[in-house]
Each structure stands twice: as structure tokens, then as C-alpha cells.
Amino acid sequence: MVLLDLNSHNKHYNPEKFRSNFPAINDQSVYLDSAATALKPQAMIAATHEYYAHSTATAQRSLHHDALQVTASIDKARQYVADFIHANDNSEIIWTRGTTESINIVAQSYARTILKPNDEIIVSELEHHSNLLPWLIVAQQTGAKVIKWSSNIDELSALISSRTKIVAITQMSNVTGFCPDLATISQITHQYNAVLVVDGAQGIVHHCLDVKQLDIDFYAFSAHKLYGPTGLGVLYGKQLLLKQMSVWQGGGKMLKTASFSDFQPADLPYKFEAGTPNIAGIIGFAATLDWLRNWDVKQADRYTEQLANYTKSQLMKITDIEFYSVDNSPIISFNIKNIHHNDLAILLGEQKIAIRTGELCAQPLMQKLGCHGVIRISLMPYNNQQDVDKLIEAIQNAIAILT
Ligand SMILES: Cc1ncc(COP(=O)(O)O)c(C=O)c1O
């Protein structure tokens, strides 16, 4: 059953119309920090408000009318996510708090049970701390080793061996915007019977992906970067793997039977969902995905790419600017010689331009890039050329003050 068919509608994308869906956008400020968290469309805000204002009830527990409706909404939302990433079955979709929790579940409930001393986890150097620390922790717990990998395909072929049990890679770097070749990485990983874990936190926003076609074992993302609510994430896992995994947290609804001596876990996906779920968040996220299918996301991506190219061409006019990001990416990271990234961020903030600076939760990558932090601009299909022009003017004002 496919509930959310992104191809079935007569879709379009119009930048101004799209932009008008975001009540936080106004003429006084410019939001260029969407890689941290995306702005929210009215459809998502309205659905969350509706739940809290008119139909508050719990899910999978009470049997009154609103509670049954809420349970049905959560099931529908799960199917929407399964359709969005082309999962085989909605039982492969686990609700979590975000990408971070999703990867920690894989590390603790999967990796911890299979890793032996000297087994290897290959982790790319591009990773956000969320796709590094869970592996360092489980390596400490099991005696396994974390192996640093540049994300270059040839290097993967040289590093991987029968000792490799996991390969962890981002779909899109939150610093450089680089998108690794997941199809080839998946092929190599599976030649060695290792498991591929993909961090989709940034990638899912700009590049819809098919977990089945790419043969991804685990895929993690956060709703809040995909126009959805905060505090909600998704872990996709192949059914076979999820079934063999140990439970994550103990609590209500993750069990079939319990006594003082033992318990029997619930079936998928509930086995990993102890406690009351983020009901408002899930309902809001279903509304987000439902709203998103009205738009031609591929056309929106092309628009964002053009806007990114325009942004970069304007930034290149600044003297002594050094870029760290790849071409055509909606993520643009740079530094300006003799200007501290945070000084620039503060002066841009005073001019109501929101950007992100610092290590971007990627200390090892900063070391590799040879800097202590960067300035990051991140673009979305709701941004426009005026946003970029205001940014450039604000940077020039800041440079005039700082130099
Ligand atoms: C590439 C990447 N992975 C993981 C995360 C962590 O996401 P969250 O904090 O929503 O769990 C982020 C957040 O910035 C990210 O950019």
C-alpha cells in the first residue's frame, strides 16, 4: 500500500508560492541557517495546533474516539515515511528523537551485540559527531576499532576486509555539501558482508533516496531538517536486521508480556518505541510530507542549485575568501582571511541575517580542513536572490567594521 506517492500528482514548483507557505519569512530578516533546522510550513504548524487545540489524545492505548484517530494518524505517518524513502514495509520505520538517537540505536542495539575485539567500523572523515561518537562509544564497549576513511571509493576498497562489520557514511556532508557515491559504497560494503549505515540528516532534504535500490541497511534522519517538527526522527532498518536486534529502551508498549523475571519484546516497529511517542510531532510531520508532495521537489532542487551558484559567484568577489564546500551545493562553507568566523556571525546577526559558524559538530573534519571553524550558509527552495543580495551587503558592512 503506497499512501504517499511523490510522482502521482500534477506537481509544480514556484519559488514565490513555495516561499509564501512559511510564516516565519518576512522582509526584515534573512534565514540562511536551514542546515541547522529548516523553517516550517503553515501546513505543519496547523496540523500540530489542531492536535493540541482540538484532538489531544494518546496513541496505541486508550480506546475513545480521539485516541483511535491519533493511533490511525501515526500509522498513516509511518506509511508516509516508508513511501518517502521507498522502504519495503512500514514496520521498518522506527520513530526516534532524531538522527542522533537513530544512529545510537544502531550502535547499541545492533553493533554492540555483534562486534568482537578487533572487528572494524569504517567511518568517513566527513561525519557529524552524531555519526562518529556512537561508533567510538561502542568500540570502547566491545574492543572493536574505528577506522578513519577519507570517503574516497578507492580508499574504501583498500581499507575494507573481513574484519569490517560496519561502514558509516553521510548522504551529504553538513560542512562541505559533498554527497558520496552511495551506490558504489553499498556494493563494496556488501561484498564484505558488512552493514551500511547512512546518515541522511542533510541529504534527505535535497536528494530523495531509495533505500531499497541503494541496498542501505540503516538510514537515519531528523524531521526538523525536512520542514518538520523538532524532537522527531526516523530510523529505517532492513526488517531482517531489526528483528535480530536487541531492544533499545524499556517501557510501555515495547513488550508483549512482562513479569518480574522476564519480558517478551513487541513486534516491529514497537519493540524500539518505548513510552508515549512524540504524537504532535508525528502528526505534524505527516502533514509536512503530505504538503511536500504538492511540489515538484526535483525542480525545487534545481532552483536551489542555481541560487547556490549565484551565491557562490557573489561571494567569490570578496577578497581572500576560502571555500571548503563543493560546487553546486546548497551548503556553502568558507572563511575570510583575518576575520574570525564568530565575529562575522555576530555582525551578520545584528543585521538580521541568520547563518551558522563554528566547528559544525565536525571537529575531525575541521582538523582535516586546517581550520577551527567555518562560516556556513545553507539554502533552501524558500530562499531567493534578495536573501543572497542582503547577505552579501551585510558581509561587506561587517568586513568594513572588522578590517
Ligand atoms: C550530517 C548531520 N548528521 C547528524 C546531525 C544530527 O541531527 P540531530 O541533531 O537532529 O539528531 C546533523 C545535524 O546538524 C547533521 O547535519
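In this predicted model, the second largest cavity has a volume of about 50 Å³. Its lining is formed by Ser34, Ala35, Gln202, Val205, His206, Lys225, Ile331, Ser378, Leu379 and Met380. Sorted by class, these comprise 5 nonpolar, 4 polar and 1 charged residues. The second largest cavity lies between domain 1 (15–37 + 296–402) and domain 2 (55–292), because both domains give residues to its lining.

In the structure as a whole, 2 cavities of 30 Å³ or more were found. The largest cavity holds about 60 Å³ of space. Gln60, Arg61, Ile74, Arg78, Lys253, Tyr270, Glu273, Gly275 and Pro277 make up the lining of this largest cavity. By class, 3 nonpolar, 2 polar and 4 charged residues are present in that lining.

The two domains into which the chain is divided are domain 1 (15–37 + 296–402) and domain 2 (55–292). A distance of 29 Å separates the C-alpha centres of domain 1 and domain 2. To the contact between them, domain 1 brings 30 residues and domain 2 brings 24 residues.

Pockets were also examined. The largest pocket encloses about 750 Å³ of space. Its lining consists of 39 residues, and those nearest the centre of the pocket are His206, His207, Cys208, Lys298 and Asp301. At least two residues of this lining are supplied by each of helix H8 (203–206) and helix H11 (297–315). The largest share, 7 residues, comes from H11. The classes represented in the lining of the largest pocket are 21 nonpolar, 10 polar and 8 charged residues. Both domain 1 (15–37 + 296–402) and domain 2 (55–292) give residues to this lining, so the largest pocket lies between them.

The second largest pocket has a volume of about 310 Å³. It is lined by 24 residues, of which His128, Ser130, Ala201, Gln202 and Lys225 are the closest to its centre. This lining contains 7 nonpolar, 11 polar and 6 charged residues. Because domain 1 (15–37 + 296–402) and domain 2 (55–292) both give residues to the lining, the second largest pocket lies between the two domains.

The packing of nonpolar residues was considered next. In soluble globular proteins, nonpolar side chains tend to be buried together. The largest nonpolar core of the model has 89 residues, and Ile85, Tyr219, Tyr227 and Ile395 are those with the most contacts inside it. Helix H10 (residues 279–292) gives the most to this core, contributing 10 residues. Residues of the core come from both domain 1 (15–37 + 296–402) and domain 2 (55–292), so the core lies between them. Another core, apart from the largest, has 26 residues, including Val106, Ala107, Tyr110 and Trp135.

The surroundings of Tyr219 illustrate the contacts of one core residue. When neighbours within four places in sequence are left aside, Tyr219 is in contact with Ile85, Gln171, Val198, Gly200, Ile204, Leu209, Val211, Val234, Leu235 and Tyr236. Of these contacts of Tyr219, Ile85 is itself listed among the residues with the most contacts inside the largest nonpolar core.

A final position concerns Ala72, which is placed in helix H3 (residues 65–85). With a relative accessible area of 43%, Ala72 is partly exposed, because this value lies between the 20% limit for buried residues and the 50% limit for exposed ones. Ala72 and Ala59 are 13 residues apart in sequence, and their C-alpha atoms are 8.4 Å apart in space.

Terms used. Residues are numbered from 1 along each chain as its sequence is written. This is a predicted model: local features need pLDDT of at least 70, side-chain atom pairs count only at pLDDT 80 or more; totals for chains, interfaces and linings use all residues. Side-chain values use heavy atoms; hydrogens and water are left out. Helices (H or I, at least four residues) and strands (E, at least two) are DSSP runs, numbered from the N terminus. Buried means under 20% relative accessible area, exposed over 50%, partly exposed in between (1.4 Å probe, protein chains only). A nonpolar core is a set of buried Ala, Val, Leu, Ile, Met, Phe, Trp, Tyr and Cys residues joined through side-chain atoms within 4.5 Å. Domain bounds come from an automatic or database domain assignment. Contact means heavy atoms within 4.5 Å. On a 1 Å grid over the protein atoms alone, a cavity is a set of points where a 1.4 Å probe fits but cannot get out, and a pocket is an open set with protein on both sides within 12 Å along at least five of seven lines; lining residues have an atom within 4 Å of a point. Grid points are joined across faces, edges and corners, and a volume is the space filled by probe spheres set on the points. Ala, Val, Leu, Ile, Met, Phe, Trp, Tyr, Cys and Pro count as nonpolar, Asp, Glu, Lys and Arg as charged, and the others, Gly among them, as polar.
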